[in-house]
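Reader: Could you take a close look at chain B for me, both inside and where it touches its partner? I'd like one connected walk through it.

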Amino acid sequence: MGEEVFIIDWLLLNLTGKYRAIKELLSRNYSTEEIISFLGLERERLSSLRKRAEQEYKKSLELGIELIPISSDEYPVLLREIPDPPALLYVLGEKVWLNCNFISVVGTRRPTRYGITATRMIVSRLVENGIGIVSGFAYGIDTVAHTEAINGGGYTIGVLGTGVDIVYPKVNKALRRDIIESKRGCLISEFPLGDNPESWHFPRRNRIISGLTQITVVIEASLKSGAMITAGYALEQGREVFAVPGNIDSENSQGTNQLIKEGAKPVTSGDDILEEFNIIPKINTVRLPELTEEEAVIWNILNEPRLEDDILNISGLDISKFNIIITRLELKGLIERLPGRMLRRRDG
Amino acid sequence: MLAKVLSATLLGIEGALVDVEVDISNGLPSFTIVGLPDQAVQESRERIRSAIKNSDFNFPVKRITVNLAPADIKKEGPAFDLPIAIGILMASEGIIPRLEEPFLIVGELSLDGSIRPVNGIISMAIMSKELGIPIMFVPYENSSEAALIPGIKVYGIKNLTEIVQYLNGNITLAPASPAKSIRINEFIGDFSDIKGQESAKRALEIAACGFHNVIMVGPPGSGKTMLAQRLPTILPPLTEEEALEVTKIYSSAGLLPKGGGIIEERPFRAPHHSISLAGMVGGTSNPRPGEISLAHNGVLFLDEFPEFRRDVLEALRQPMEDGTLVISRAHGSIRFPARFMLVASMNPCPCGYLGDTKKACTCSPYQVERYFGKISGPILDRIDIQIEVPRLETDTLIKSNPGEKSESIRSRIKKAREFQSYRFKEGFRANGLMLPSELKKYCKLTPSIESLLREIVDRFHLSARSYDKLLKVARTIADLGESELIREEDILEAIQYRVLDRKYWEKKFS
């Protein structure tokens, strides 16, 4: 019973949103009741908040959602250090990952092919070396980062801008299920259950993304984008910002290039980040697949993702033969197709 | 006095015999036409009256009754003007035609007695031949079209006086000679105009060979329309029978150029996506061929496929299956031939830039999903070949070889078609038109190839339906290689022309 009251107190505190004050008071070892009384809430507001907190508690029990107050050992250590840590986190999925090694990967919702490729390259390298990925579970770079982490056998945390029980964005339903069912990560949020995606939620949740990790990597971002806000939070929180350099004529790289100008470390591979963690990167054992002569020709041309017509021009094969070889390589799992008749090697 | 003249009308695209009976009796002057005439036929009374007067004949001031028999089919159009006028003159002026054989008259009158062309002459000529009516009087401008049908004598008539004089035996006329073949497609290009896009060109070659339906997915400006427009240039030429069918359809729709003639190229129709249901399948109360019939034996190109109205797209299903379209009306149903090769094109997403190398796509994944959702499964099931047509950078284009000439592709296709028709003994058949039950019979696989197929199905997550399609396309590729058995390479190549199945590009961020 005492546990229940305790959690409800924290739910209530979380609902007040006075995170800075709560953090301050907690550091002086006050109890939850004392903190509540110090916040000086009006009686009516207090009772309505308590009622709501009780409902939240019941609902989270029903939905199997974990509640982790800031005072808990399970609460992410790095997040606790930021100036305004949420008083409580709602967690859906496997919470054991919360205190593992993570980096944040953020970027635009409308990535270019370059952004997607860069995300995959960097994320897969990090995941191979045991580092988890934090991102915002939105379209675009976020989705690529989470997906790549799960597919690569790594772990990941999605920080939502809605209540954790809300499926948003809808098309990420499958990804959501993958993360939860594989037990290789969790979705977290500071927002009460049932909270819809409001536009003001997202900049706010960005401070959690940067707060959870020592390093935030910005893959692609225009000058005014959520990813730039996250980068701003990271600096405020005394964390490091890395950025992926891009073409100077690409709008999606204006933000990242700006960050580099301002002193962010440019990232050109996952290893740049591993260095920061003092991890000696695993050496990629280069698979030398068994290839026929013709297959080897295509394989060698594909040292970067290429358009089919370009490969044809270089190889000089006729189209029928070409398509046969491509299917063979696909069946061997060595290459894959991308939208727009692009091909690339599968191991990135 | 009673007079009887034979004439014809159109039912859909087929000619139908109509007896024109004219009775002139004493009584209050009147002029009545009975026998289900439509508005245009009713109005012919005024044209006939003036034409007869202006040709210096007397219009009888008597009670005139015209019956168009059989009375249960609807008569439309102005083609009865001339037979009715002749009937009146026969009944009143006592023209007694000096012809021993039965004859048939069609033609529209103008007020001065000259004769205007009508639609569907070739269908009427075919009917006339079948019924054993050896002589036809048709408007001069239609005469060379009717003369395409051998075995009947066709006289082209310029005006009312001419035909009366001929019937009276005062002058002689020379039978019309058949028209030359004509072109209907405004634009004719060549496959060698297209640089790059090798995969799409190869896919169209396979499609043309097996009469497979195709869908092309690619951003605006990637050349989808260019590719589709050139498809007729590699399709095998129309057979005589097919050419006649196509000509009939165009003639009955009034789309034959002046002077008529036999159509010897495969039609290419590209209706805009705002087209109505009636425009697409044919219709109105007196059914006329729609775009799908005009594309009969040729290509129906639907650009911006998902933008077409849902009901219009759904209406394609039956004809895609049967090759004909039946329109039912109160007066019975009419069958239009509609065996076309569907070539659809669409953007990969609403903004068009999904998968583009340079420009970021601004659509949300949900929008992309919804865009594809506009094409129903049953329609997609009828499309064997699905290809992507990316926008090529100038760099790629410069390096690409100039394409192969249409003529050389066509000769390859012709050969492969012969190979196919050897397999299908009866009538016009192609791999794309194979029924599921025939698949087992014509697409025999060796055990090793079957296991390869199973591996492919697993690897690319194909459904049972796409398995069938894959087999059909592989069959055509084997035909192009003149192989009786489907070989391993045929299957390996075929899978590259099934992009929509593989979904790799629907998952936007994969």
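Author: Here is a tour of chain B, from confidence to core to contact side to backbone oddities. Keep in mind that this is a predicted model, where local features need pLDDT of at least 70, side-chain atom pairs count only at pLDDT 80 or more, and totals for chains, interfaces and linings use all residues. Residues are numbered from 1 along each chain as its sequence is written, while chains are lettered from A and ligands numbered from 1 in the order in which they are written.

Confidence to begin with. The model has an ipTM of 0.79 and a pTM of 0.73. Chain B has an average pLDDT of 87 (the predictor's confidence in each residue, from 0 to 100), and 96% of its residues score at least 70. Helix H21 (residues 499-502) of chain B sits at the bottom with a mean of 73, and strand E8 (residues 135-139) of chain B at the top with 95. Helices here are DSSP runs of H or I with at least four residues, strands are E runs of at least two, and both are numbered from the N terminus.

Now the inside. A nonpolar core is a set of buried Ala, Val, Leu, Ile, Met, Phe, Trp, Tyr and Cys residues joined through C-beta atoms within 7 Å; buried means 20 or more other C-beta atoms within 10 Å, exposed 12 or fewer, partly exposed in between, with C-beta atoms placed from the backbone. The largest core has 92 residues, and B:Val299, B:Leu342 and B:Val343 touch the most other members. Setting aside neighbours within four places in sequence, B:Leu342 is in contact (C-beta atoms, placed from the backbone, within 7 Å) with residues including B:Asn213, B:Leu300, B:Met320 and B:Ile383.

As for the partner, 35 residues of chain B are in contact with 32 of chain A. Several helices each supply at least two residues to that side of chain B, among them H6 (198-210), H13 (365-373) and H18 (447-460).

Finally, the backbone. Most residues other than glycine have a negative phi, and most peptide bonds are trans. B:Gln197, no glycine, has a positive phi of about 50°; B:Gln197 lies in the loop between helix H5 (160-168) and H6 of chain B, and is buried, with 31 other C-beta atoms within 10 Å. B:Asp56 also isn't a glycine, yet has a positive phi of about 65°, but B:Asp56 is exposed, with 9 such atoms within 10 Å. The peptide bond from B:Ala69 to B:Pro70 is cis, with omega near 0°, and B:Pro70 is in the loop between strand E4 (63-69) and helix H2 (81-92) of chain B.

Definitions and conventions:
Two residues are in contact if their C-beta atoms, placed from the backbone, lie within 7 Å.
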